[in-house]
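Here is an informal walk through one protein chain, with the sequence and structure shown just below.

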Amino acid sequence: MKKIAICTPIGRAAVPQFCTSLDQTLFSCPDGYQVGAVQDVGHANTPRIRNVLVQSALDAGFDTIVFIDDDISWNPADFWAIIDDPAPIVGIPPRRRTNDLSKLEFCCGLDKKLSEGRWTGRIATAFLKIEASALRELEPHTDWFNYASAKSEANPEGIVRVWFDYAIGTNGDGTRGYIGEDYWFCEFAARHGIEPVIRTDLGVSHWHMIPLGGVLDELRG
């Protein structure tokens with residue numbers, strides 16, 4: 001039996017479309033799999049709570065972790081496609097709204113990769129599968145901290161490993177930029193020999209992603 005944890009940091013409440021997709025995925029679970037939802041509500045420190053969710057899932061014996069953000073919806077068939085993908089880290093990128101709010105595009109130039117369908121690189125955690133075996137392989141390279149809510153029979157000291165963090169880094173054009181915890185994780189994994197796979201042949205919907213510029217333009221109008 002393969003145990004899968006769907007991990008979701010929730011700001012206040014998940015969108016209804018997320019809940020519908022989650023229900024459909026749980027009801028479509030094939031034989032040989034067990035799926036559980038692990039969620040945490042109301043935390044502003046996203047890297048910390050992602051690390052706590054991962055640690056809790058590992059301590060509970062899950063074999064696979066799938067991060068899905070609370071404003072994402074998906075087709076259950078695509079969920080099972082990345083579960084069956086042999087790569088240990090696989091993500092599906094959501095399209096985002098541009099400052100022209102009538103248009104949608106992949107972030108990070110992924111539109112240029114649509115024809116390839118499958119390639120390696122860094123990706124957001126909006127919809128990201130991580131095998132526990134990959135996390136265990138990365139564990140010797142991680143720092144750690146103590147967190148009271150992570151305490152359990154399997155982890156009495158509440159030790160949480162740092163797989164996700166923030167950083168300032170260099171962009172491809174040589175400029176310096178802010179690296180969120182999702183891209184940080186992908187770069188961390190790749191640096192230690194595990195290349196994340198991005199599937200542009202599969203699709204998810206992002207219900208809250210409107211860039212600040214577009215919101216400001218609407219307000220000015």
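## What packs around helix H5

In this predicted model, the buried residues of helix H5 are covered by a mix of elements, including helix H2 (46-59), helix H4 (132-138) and the strands E5 (89-91), E9 (127-131), E12 (167-170) and E13 (176-179). H5 itself spans residues 181-191 and is mostly covered, with eight of its eleven residues buried. If you want to find them, look for Glu181, Asp182, Tyr183, Trp184, Phe185, Cys186, Phe188 and Ala189.

After H5 comes Gly193, which has a positive phi, near 95 degrees.

## Two nonpolar cores

The largest nonpolar core holds 27 residues, and Trp163 and Phe185 are the ones with the most contacts inside it. Two or more residues each come from strand E1 (2-10), H2, strand E3 (64-68), E9, H4 and H5. H5 gives the largest share, six residues.

Zoom in on Phe185 and you'll see what it touches: Ile89, Leu128, Ile130, Leu135, Leu138, Trp163 and Phe164, leaving aside residues up to four places away in sequence. There's also a second, separate core of 22 residues, with Leu22, Val35, Ile72 and Val197 among them.

## A buried acid

Where does Asp70 sit? Asp70 is in the loop between E3 and strand E4 (72-74). Asp70 is buried, yet it has no salt bridge. The nearest side chain of opposite charge belongs to Arg50, 8.3 Å away, and a salt bridge would need a side-chain nitrogen within 4 Å of a carboxyl oxygen.

So who are the neighbors of Asp70? Not counting residues up to four places away in sequence, Asp70 touches Thr8, Pro9, Ile10, Gly11, Ala13, Ala14, Val15 and Phe18.

## A greasy spot on the surface

Over on the outside, Tyr166, Ile168 and Tyr178 make a nonpolar surface patch of about 340 Å². Ile168 belongs to strand E12. Is Ile168 buried or exposed? Ile168 counts as exposed because its relative accessible area is 53%, and the cut-off for exposed is over 50%.

## The chain as a whole

Stepping back, the chain has six helices and 15 strands. Of its 221 residues, 46% count as buried. The chain exposes about 11000 Å², and carbon and sulfur atoms supply 50% of that.

Contacts reach across the sequence, too: taking those between residues at least 6 apart, 75% join residues at least 24 apart.

Note on methods:
Residues are numbered from 1 along each chain as its sequence is written. This is a predicted model: local features need pLDDT of at least 70, side-chain atom pairs count only at pLDDT 80 or more; totals for chains, interfaces and linings use all residues. Side-chain values use heavy atoms; hydrogens and water are left out. Buried means under 20% relative accessible area, exposed over 50%, partly exposed in between (1.4 Å probe, protein chains only). Helices (H or I, at least four residues) and strands (E, at least two) are DSSP runs, numbered from the N terminus. Contact means heavy atoms within 4.5 Å. Patches are made of residues with over 30% relative accessible area and no salt bridge: like charges are joined within 9 Å, nonpolar side chains (Val, Leu, Ile, Met, Phe, Trp, Tyr) within 5 Å. Accessible areas come from the Shrake-Rupley method with a 1.4 Å probe; for residues, only the protein chains shown count as cover. A nonpolar core is a set of buried Ala, Val, Leu, Ile, Met, Phe, Trp, Tyr and Cys residues joined through side-chain atoms within 4.5 Å. Lys and Arg count as positive and Asp and Glu as negative; His and the chain ends are not counted.
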